Amino acid sequence: MAMEPGFPKQEPSDFIFNHPSEDGEGAMETNTKEGEVAKVEFEASEIEYVSYGGEHHLPLVMNLVDQELSEPYSIFTYRYFVYLWPQLSFLAFHKGKCVGTVVCKMGEHRNTFRGYIAMLVVIKPYRGKGIATELVTRSIKVMMESGCEEVTLEAEVTNKGALALYGRLGFIRAKRLYHYYLNGVDAFRLKLLFPRPELHPSLPVMADVDDNHSSHHGPSEE
Amino acid sequence: MAEMRTDEAAFGVAISGRTSIPSGENSVWADVSPLLEAACEDLQEGELIHGDNFNLFAAMSALEIMDPKMDSGIVCTYYSLEEAIENGAAPVPISVDKTTDIRCTIDIMDHLLACEATWHKGHSLAQTVYSCLYLLRPERTLSHALLHAYCKVIHVTCKAVLSVVSDARTHEEEDLFTMAYGLPLGGGDRDERCLSMLNAVEETISRQLRACKASSSKRRLLEDIEPLQSNPDLEEGYCRALLCRLRFRKHFYHLLMSMKRPQGRGLELARKHIASCILELDGCLKSSEFLRASAHGMCEKNIQDTTASGCQAIGFDASLNCRLSAPTPPRSIKILSWVKAIEYFLKLLRDLDIVCSYSLVPSLEAALHFVIKFQKSQPDLVARSHLQLLLVQDGKLYGQIPIFAVITGAAGLPEVTNDHDIQKNEFVVQLGQLVINLLKILCTNAAWQRRKLGKMLQDWRVTYVQLELAFKNEFGEGSKPSNNELRFKIFQQILMWVEEQTYWIASRFLILGFELELYSVHDYYMVYWYIYAILIKLAEKTHLRIVMNNSTAKKKAKKKRDSFKDAGRDYQISAAVLFLQSQIYLAEGLSMMFAALRNEHIILAPQGPFNTEHEIFIQQFELLQKACLPDHVSYMSFKESTKLVNFSTLAMCDYFKEAQRIAKDVKSSFANDPDKMAELRRVEQVAEHNNIALNVICRVGAIDPSLKVTFEFSHHPFFATAIVKRS
Ligand SMILES: CC(C)(COP(=O)(O)OP(=O)(O)OC[C@H]1O[C@@H](n2cnc3c(N)ncnc32)[C@H](O)[C@@H]1OP(=O)(O)O)[C@@H](O)C(=O)NCCC(=O)NCCS
Ligand SMILES: CC(C)(COP(=O)(O)OP(=O)(O)OC[C@H]1O[C@@H](n2cnc3c(N)ncnc32)[C@H](O)[C@@H]1OP(=O)(O)O)[C@@H](O)C(=O)NCCC(=O)NCCS
């Protein structure tokens, strides 16, 4: 192969996404810094959301992530995501300018089919207006429709903004990863579990698979 | 590794022609440029290789050559250590001027200390301590006795610390710590030689100190002693600054060696060295005023403040090692400041002192409590590793007590059972392994600990079920057999204890979630409910065990006609359960308070677009549910017991008052146990505050929509205190 792997940056399983943002140190500080950033006035309806559409979008995505996250990703990393799961990546545009993006993947993981949010960025002048929420919501919906059972990601424990955002979407902090980032900061592994039909008898979907599934989950009293 | 070497050698050959790794028997060097060019031609822009072996890991590991963010090769100042040395990056002596030489040597010592602390805090050895070029070529400093001795002791110290941590290793996520590929650790010399060198320089410098302090009359007698350096005004200050640094190293090394002795035999001696280390570090701190003053304006400013003098230390280059030591990213790491490094060492010493002061009480319960208490001060990896090695050596508790004896002791069985051949039962063996793992896991950092405890619950549960099955197979469902009473009894009591211990682990697992900030306020409601459910079971099992132990004890006592002690024992027993009881009421009260706050819409439950509270419950307690801890507990039972709670029903239940009352009553039984006393006091406080808060809410809550209820952990680490405000 033309590409020789260099040094592994971390264990294969520890993706270093959702990484310390360049302005880093979580949202508390981001907030004060954002004060200095000139906010752009716009209506929510002026923002256009597009699914990843091809190589012409790649520089936009890379540019945004490079700006906001400290971790250096090779072009292969980006391509890995956007070529394999173009339907899970979205971009937000305002008057032709790319102002936010989300990059994700999904796949089999220890006998579950799960989605993973790798990168999420909204540029500073556009923050706090629900753009990120809209971006991830779109990805998560596609994941759900594609049969994912859950969605995961990692976020720095100090990134209050991201934690609040995901908390509102129903993510829980499943575990804490000690010194996860190379700057020594811990991360939370966040998880969102989708409802399984058999636990919600009111939902009409797939009532006939009920019995096969409920057996291997904890005791449930009727 | 193979790629790394190729890459490095290629650079070496192409650029300086200096590094040359000869072709081996099965390998020759080849120019890959044409191949690379052809490969580039082959791939059009926008194409991606699809291959089974090109996964995310491969994609992330790919480098863009010549991109300074990724290519560690190009950030280096020098291509090789040799080149750095030839360029005078690490001169020996550091200066021909003796005074400058001493000043710079002290800076190197200080920067090394800062590097060492940074390493202990979890960075790679290569990018911290071994960024020191002098350490990388130990033979070069031979002519500089002071620097040489210091470098040697650093070598052996690092080696010793490394071995403690890797011996204790439970695969915490602190792997970087133990990576030491290709570094000249220990320097090849015998450790004792390093100590004699250190002693020799210390001896010389203390004579020099004496000489410069002596009155002029005596000075003549000491004439033959050459001063440390050339400026008489600075002689005393430099001698002192060096002595405390050297002595710290000496005692620190001795400390490590004493702690290494088996079965805790060196602990007492270790404490003496700890006291000396603290004294010398204090001396180092005090020397900093003198060092700053005498270095003023003489050197390049040290922006990271890694030295006492404020000067940049000579002879360090972290980038050289980047390429040597896969897998380190090109990013340079931030070395702790010298003051922070001293603070780190002081904390380490205090933590080690706690470890050394432990009296190795021969009981599992005591050991478990000791670890939990020790962890409260959040000790770092090195201190935790030492504790772990003390607790578990050769598969025995403290290296002394066989694990089966530990188990029978914990299960309240008499000593005669220690040799019973039931210990050969495969599930009993398995249980022994679980106990050892438990002790080790409790010594790890809280994040890792919680995950491992969570997983371990399943193992405890399975072992319980297997033991129970073996028990039933052997004895049937019927009553006590007459022929093998002892075996029956051992089985029975171990089984009971396993259950109790499992619930103990479960409660620890849940409680750690608070320390790790895993729960949001909205989760508290179900978390306290679950804690309550677990604690009830724990209390029940504890009670059963104590009653059973007691009946054993009574029988014995009767034989000895000594029923006097008995009464005291009985009292003690119910105290342990009452202690839990106070926490149970508190947990129940909190979960019911949260339920009422939600049911009365004072706290609004969040509703995400994708899932419900049910999914949150499943996720939070998945590991407990899988292990049936407790049996018959589910989301349904949780909802069942909380859905009708409101303030009028709550007011009648008095959970907090009960908690407070029990805590108060039971205190007298723990007069000799300061830890339990402190916990009871905390429980009392939280209960009292929450009771008041609850009364306020009950009185005005329903009619006053502006009421705001928030929660704090001001009185207790995991039982929240409600704060009521009107906005
Ligand atoms: C990979 C490893 C870091 C975590 O795997 P594990 O033991 O199964 O522990 P966990 O299940 O808690 O961790 C795996 C999960 O954390 C994620 N993870 C990846 N890197 C991680 C890291 N550095 N820290 C924590 N979690 C990590 C995994 O993707 C996985 O996600 P999931 O739980 O959502 O499925 C680690 O255990 C490992 O392989 N260590 C070496 C072998 C070992 O430790 N053996 C046990 C001896 S005690
Ligand atoms: C995190 C980030 C993507 C959020 O983008 P955004 O468009 O501002 O987010 P939204 O406007 O959709 O925020 C939705 C909710 O998240 C929370 N939130 C977002 N930013 C927050 C902040 N700085 N402080 C506190 N809460 C915040 C709020 O609850 C907010 O809802 P509200 O405004 O109604 O109160 C953006 O700040 C960013 O790009 N940060 C740098 C990169 C990064 O950290 N990525 C995430 C890695 S996990």
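# Reading Selected Features of a Predicted Complex

Trainee: In which helix of chain B is B:E468 found?

Mentor: The model is predicted, and in it B:E468 belongs to helix 18 of chain B, which covers residues 446–475.

Trainee: Does B:E468 count as buried, partly exposed or exposed?

Mentor: One compares the relative accessible area with two limits, under 20% for buried and over 50% for exposed, with partly exposed in between. B:E468 has 25% relative accessibility, so this residue counts as partly exposed.

Trainee: What separation do the C-alpha atoms of B:E468 and B:F491 show?

Mentor: Separation along the chain and separation in space should be read as two quantities. B:E468 and B:F491 are 23 residues apart along the chain, and their C-alpha atoms are separated by 8.3 Å.

Trainee: Let us turn to glutamines. Where is B:Q375 placed, and what does its side chain reach?

Mentor: Placement, burial and contacts are best read together. B:Q375 sits in helix 14 of chain B, residues 364–376, and has a relative accessible area of 9%, so B:Q375 is buried. Its side chain reaches the backbone oxygen of B:T444 at a distance of 2.9 Å. Leaving aside residues up to four places away in sequence, B:Q375 touches B:R384, B:L442, B:C443, B:T444 and B:Q449.

Trainee: Which residues does B:Q619 touch?

Mentor: The chain letters deserve attention here. B:Q619 touches A:I172, A:K191, A:L192 and A:L193, again with residues up to four places away in sequence left out. B:Q619 itself lies in helix 22 of chain B, residues 613–626, and its relative accessible area of 13% places B:Q619 among buried residues.

Trainee: How many disulfides does a search of the whole structure find?

Mentor: A disulfide is a covalent bond between the sulfur atoms of two cysteines. The search over all chains finds one disulfide. B:C299 and B:C311 form this link, with their sulfur atoms 1.9 Å apart. The torsion about the S-S bond is -70°, and the link of B:C299 and B:C311 is left-handed. Both B:C299 and B:C311 lie in the loop between helix 11 (267–295) and helix 12 (318–324) of chain B, so the pair ties together parts that are 12 residues apart in sequence.

Trainee: Is B:C299 buried, partly exposed or exposed, and how does B:C311 count?

Mentor: Each partner must be assessed separately. B:C299 is partly exposed, with a relative accessible area of 31%, whereas B:C311 is buried, at 1% relative accessibility. By contrast, B:C151 takes part in no disulfide; the nearest cysteine sulfur, belonging to B:C132, is 5.2 Å away. B:C151 is likewise counted as buried, at 3% relative accessibility.

Trainee: Why is there no bond between the sulfur atoms of B:C244 and B:C284?

Mentor: The test is distance, since a disulfide requires sulfur atoms within 2.5 Å. The closest cysteine sulfur to that of B:C244 is in B:C284, at 3.7 Å, which is too far for a bond. B:C244 has 5% relative accessibility and therefore counts as buried.

Trainee: How should one read the overall fold of chain A?

Mentor: One starts with the elements and their order. Chain A has six helices and seven strands, and along the sequence they follow the pattern α-β-α-α-β-β-β-α-β-α-β-β-α. Of the 222 residues in chain A, 54% are buried. Chain A exposes about 10,100 Å², of which carbon and sulfur atoms supply 54%. Among its contacts between residues at least 6 apart in sequence, 68% join residues at least 24 apart.

Trainee: How many residues surround ligand 2, and which helix of chain A gives the most to that shell?

Mentor: A ligand shell is read by its members, their class and their origin. Ligand 2 is surrounded by 22 residues, the closest being A:L120, A:V122, A:G128, A:G130 and A:T133. By class, 11 are nonpolar, eight polar and three charged. Helix 1 (26–36), strand 4 (112–122), helix 4 (131–145) and helix 5 (160–168) of chain A each supply at least two residues; helix 5 gives the most, with five.

Trainee: Which oxygen or nitrogen atoms of ligand 2 lie by polar atoms of A:L120, A:G130 and A:T133?

Mentor: For each pair, one asks whether the protein atom belongs to the backbone or the side chain. A polar backbone atom of A:L120 is 2.8 Å from a nitrogen atom of ligand 2. A backbone N or O atom of A:G130 is 2.6 Å from an oxygen atom of the ligand. For A:T133, a polar side-chain atom lies 2.5 Å from an oxygen atom of ligand 2. Taken alone, ligand 2 exposes 910 Å², and the protein buries 81% of that area.

Methods
Residues numbered from 1 in each chain as written. Chains lettered and ligands numbered in written order. Predicted model: local features only at pLDDT ≥ 70, side-chain atom pairs only at ≥ 80, totals over all residues. Heavy atoms only, no water. Near = heavy atom within 4 Å. Polar contact = N/O pair within 3.5 Å; in protein donor to acceptor, adjacent residues only side chain to side chain. Areas by Shrake-Rupley, 256 points an atom, 1.4 Å probe, with all protein chains shown as cover. Helix = DSSP H or I, 4+ residues; strand = E, 2+ residues; numbered from the N terminus. Nonpolar A, V, L, I, M, F, W, Y, C, P; charged D, E, K, R; others polar. Buried < 20%, exposed > 50% of the residue type's maximum accessible area, 1.4 Å probe, protein only. Contact = heavy atoms within 4.5 Å.
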